[in-house]
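Colleague: Got a minute to walk me through this one? I'd like to start with the helices and then jump around a bit.

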Amino acid sequence: MKNLLRYILTRTLLTIPMLFILLTIVFVVIRVMPGDPVSAMLGGHAPDKVIEAKKVELGLNKPLLAQYGSYLLQVARLDLGGSMIFKQRVWEAIEDKLPATIELAFFGMLVTILVGVTLGAYAADHRRTGRDYAIRIYGIVIYCIPVFWLGLMFQMIFGVWLDLLPIAGRTGPRVFASTFEMTGFYILDTLLIWDLEALKDILVHLILPSLTLGLMLSGIFVRLTRANMLDVLRSDYILAAEARGLRHGKVVYKHGLMNAFVPILTMMGLQVSLLMAGAMLTETTFSWPGMGRLLLERIYLRDYPTIQGVIVVFALMVAFISLIVDVIYALVDPRVRY
Amino acid sequence: MRYSPSSNLGKVIGSLARMGRRYGAEWWILVAGGLIVGGIILMALLAPLLAPFDPHDQAAGPQLSPPGRAHPLGTDNLQRDVLSRIIFGARTILGVAIMAAIVTSLVGTITGLVSGFSGGVLDKILSLTMDSVYSFPGLILAVAFAAMLGPGIASITIAVAVVYIPTYFRLVRGQTLTIKEELYVEAARAIGAPPRVVLGKYIFPNVIATTVVVFTMSVGDAIMIEAALTYLGLGLPPDVVDWGMDLAMGKKFLPSGQWWLITFPGAMISLLALGFTMLGEGLAEILNPRLLER
């Protein structure tokens with residue numbers, strides 16, 4: 001137990017340099033690279049005096065190093081500053097978009113695990129059969145299909161041709177989010193006030209986006225699960241379980257998959273960045289009001305503080321999730337603690 | 001010996017089949033990937049000869065006509081021929097992806113070699129930086145880069161290149177660390193070879209197989225990032241013909257049922273990415289079977 005605590009503490013401390021480097025990269029990309037945010041914002045032909053005044057107001061006239069320092073301090077206080085375009089704190093803009101992205105990413109991951117891990121384990125169990133090759137080909141092909149195109153095709157098939165599912169937004173026109181919005185996680189919100197009609201509407205809106213996002217990642221998981229399962233199925237305890245006369249399905253999916261799951265879990269931490277990137281593209285295709293769409297909208301408006309804020313939140317999320325995954329890994333597998 | 005094309009062709013097919021027996025399924029993946037990539041590169045090179053219309057021609061046919069005899073893949077809302085835009089669009093995506101992959105492989109290989117070989121503080125700092133970038137969503141970083149650099153083929157190439165450098169770096173560094181411990185490297189050092197020679201003559205040649213595989217796969221990934229950036233509307237000026245941009249334009253006509261505007265550009269992006277991925281997978285299995293397991 002003491003070892004575990006020490007591991008968690010070390011791992012948490014290790015996140016700090018990583019975050020620091022990411023924050024520095026964000027700063028370099030947004031502030032140091034060519035392009036003047038203020039004149040871009042004011043349209044390019046504003047008088048110099050107005051531009052200077054705006055720069056002083058935003059602190060952009062100070063030397064870069066001072067700007068860098070105050071930027072780090074700001075982030076350390078979890079203050080993301082104010083928008084340059086709207087009378088709004090950056091955090092306010094992010095606050096109601098973040099739950100939308102998390103909800104989408106969560107259900108996307110669920111689809112990935114259900115599809116990817118099941119198919120991967122099945123392929124490993126039927127190694128070198130037609131089914132195995134078919135699943136491996138699925139894994140490669142689905143990885144190469146751009147997630148936004150997959151979304152568009154789903155919209156076309158299920159939304160336009162079959163007219164079964166909605167293709168845009170988080171809710172339908174008759175369900176107003178404001179009547180139940182508390183946490184921003186709509187599923188949670190509708191459950192809290194027990195509005196099943198609204199819950200159904202929200203789940204229906206989730207189907208296509210989370211299927212799109214989940215299938216995109218499933219290719220990688222098919223491959224990973226298959227490779228890990230092949231190793232596990234060769235080991236002695238599987239042979240022992242078979243020898244004891246256990247049902248084959250039980251050996252493969254209980255004894256085998258449970259052991260193959262630990263490395264898969266670590267890979268999940270690494271795929272978080274792909275999940276976030278995929279979420280951004282899925283949000284654009286499905287008009288899903290999340291972080292990715294916010295980032296793009298503000299890029300078109302050249303609202304630099306908000307762009308910076310959104311990217312910082314993405315960085316925090318990635319660091320946080322990989323920390324959680326590593327801690328879970330340590331809890332599940334005592335061998336990784338030090 | 002007399003030159004005879006038919007017997008040469010026979011030899012080629014014969015040796016392909018021999019290789020197929022030797023390496024199994026991986027060889028056929030490699031061949032299929034090579035055919036897809038070769039076909040699309042040929043299409044891009046011969047675009048002016050193959051395309052029935054000018055890709056910018058706004059009077060190529062009726063507006064939004066479905067695929068038919070005159071326009072095999074239909075026309076778009078500006079009366080342009082979709083097939084011609086597909087053929088010319090291959091030039092943009094291939095150009096950006098291959099340029100980006102070249103920049104990435106140069107920077108990634110050099111930093112990876114130096115970092116792995118020199119060790120010490122430099123290695124620690126470089127590794128930590130690359131790992132941090134690696135863990136961050138590459139597309140989001142690329143979006144920020146492309147947005148800050150402004151529209152243009154050059155800026156999109158840089159954006160795509162930057163996000164893939166860490167992948168290269170990690171692989172090349174890992175390989176360098178292993179090779180550095182080999183006996184022949186130690187022997188070279190023992191006879192007094194300077195670090196430059198050890199790195200260039202003894203370590204680099206052994207890393208080449210890795211970089212070839214990663215290069216092919218990185219072109220596949222670069223294709224997806226390029227398409228994503230142009231789909232999101234970042235990157236290219238409107239007069240460039242590009243699959244991602246056509247996809248974004250066609251998206252507006254999806255609810256009214258004009259399926260051909262999104263189906264064909266997207267299918268081409270997938271096919272091209274698939275070609276490079278298969279090529280990379282095949283090469284990996286044949287050159288270095290353990291590479292992708294890491």
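**Helices, contacts and core**

Modeller: Sure. Right after α6(B) comes B:Gly150, which has a positive phi, near 85°. Keep in mind that this is a predicted model.

Colleague: Okay, and α6(B) itself: how far apart are its end C-alpha atoms?

Modeller: They are 16 Å apart, and that agrees with the 16 Å that 12 residues should span at 1.5 Å a residue.

Colleague: Is α6(B) enclosed or open?

Modeller: Largely enclosed by the rest of the structure, because 12 of its 12 residues are buried. Among them are B:Gly138, B:Ala142, B:Phe145 and B:Leu149.

Colleague: And α9(B), what's the end-to-end distance there?

Modeller: α9(B) has 37 residues, yet its end C-alpha atoms are only 46 Å apart. A straight helix would reach 54 Å at 1.5 Å a residue.

Colleague: Where does α9(B) bend?

Modeller: At B:Phe204, by about 50°. A proline, B:Pro205, follows within four residues. Just past the end of α9(B), B:Gly233 has a positive phi of about 85°.

Colleague: Switching to the core. Which residues touch the most other members of the largest one?

Modeller: B:Ala142, B:Val143, B:Val160 and B:Ile223, out of 158 residues in that core. The largest share of the core comes from α9(B), with 16 residues.

Colleague: What does B:Ile223 touch?

Modeller: Leaving out residues up to four places away in sequence, B:Ile223 touches B:Ile93, B:Ala97, B:Ile269, B:Leu272, B:Ala273 and B:Phe276.

Colleague: Now the two chains. How many residues of chain B are in contact with chain A?

Modeller: 36 residues of chain B, against 37 residues of chain A. On the chain B side, the elements giving two or more residues are α5, α6, α9 and α11. By class, that side has 25 nonpolar, 9 polar and 2 charged residues.

Colleague: One residue I'm curious about: is A:Glu297 buried or partly exposed?

Modeller: A:Glu297 is partly exposed, because 16 other C-beta atoms lie within 10 Å, and being buried would take 20 or more. A:Glu297 lies in helix α13 of chain A, residues 291-301.

Colleague: And how far is A:Glu297 from A:Met182?

Modeller: 25 Å in space, C-alpha to C-alpha, and 115 residues in sequence.

Colleague: Last thing, what's the pLDDT like for chain A?

Modeller: Chain A averages 82, and 91% of the residues score at least 70. Among its elements, helix α6 of chain A has the highest mean, 90, and helix α2 of chain A the lowest, 65.

How values were computed
Residues numbered from 1 in each chain as written. Chains lettered and ligands numbered in written order. Predicted model: local features only at pLDDT ≥ 70, side-chain atom pairs only at ≥ 80, totals over all residues. Contact = placed C-beta atoms within 7 Å. Nonpolar A, V, L, I, M, F, W, Y, C, P; charged D, E, K, R; others polar. pLDDT = per-residue confidence, 0-100. Expected span 1.5 Å × (residues − 1). Bend = angle between axes of the 7 residues up to and from the residue. Core = buried A, V, L, I, M, F, W, Y, C linked by C-beta atoms within 7 Å.
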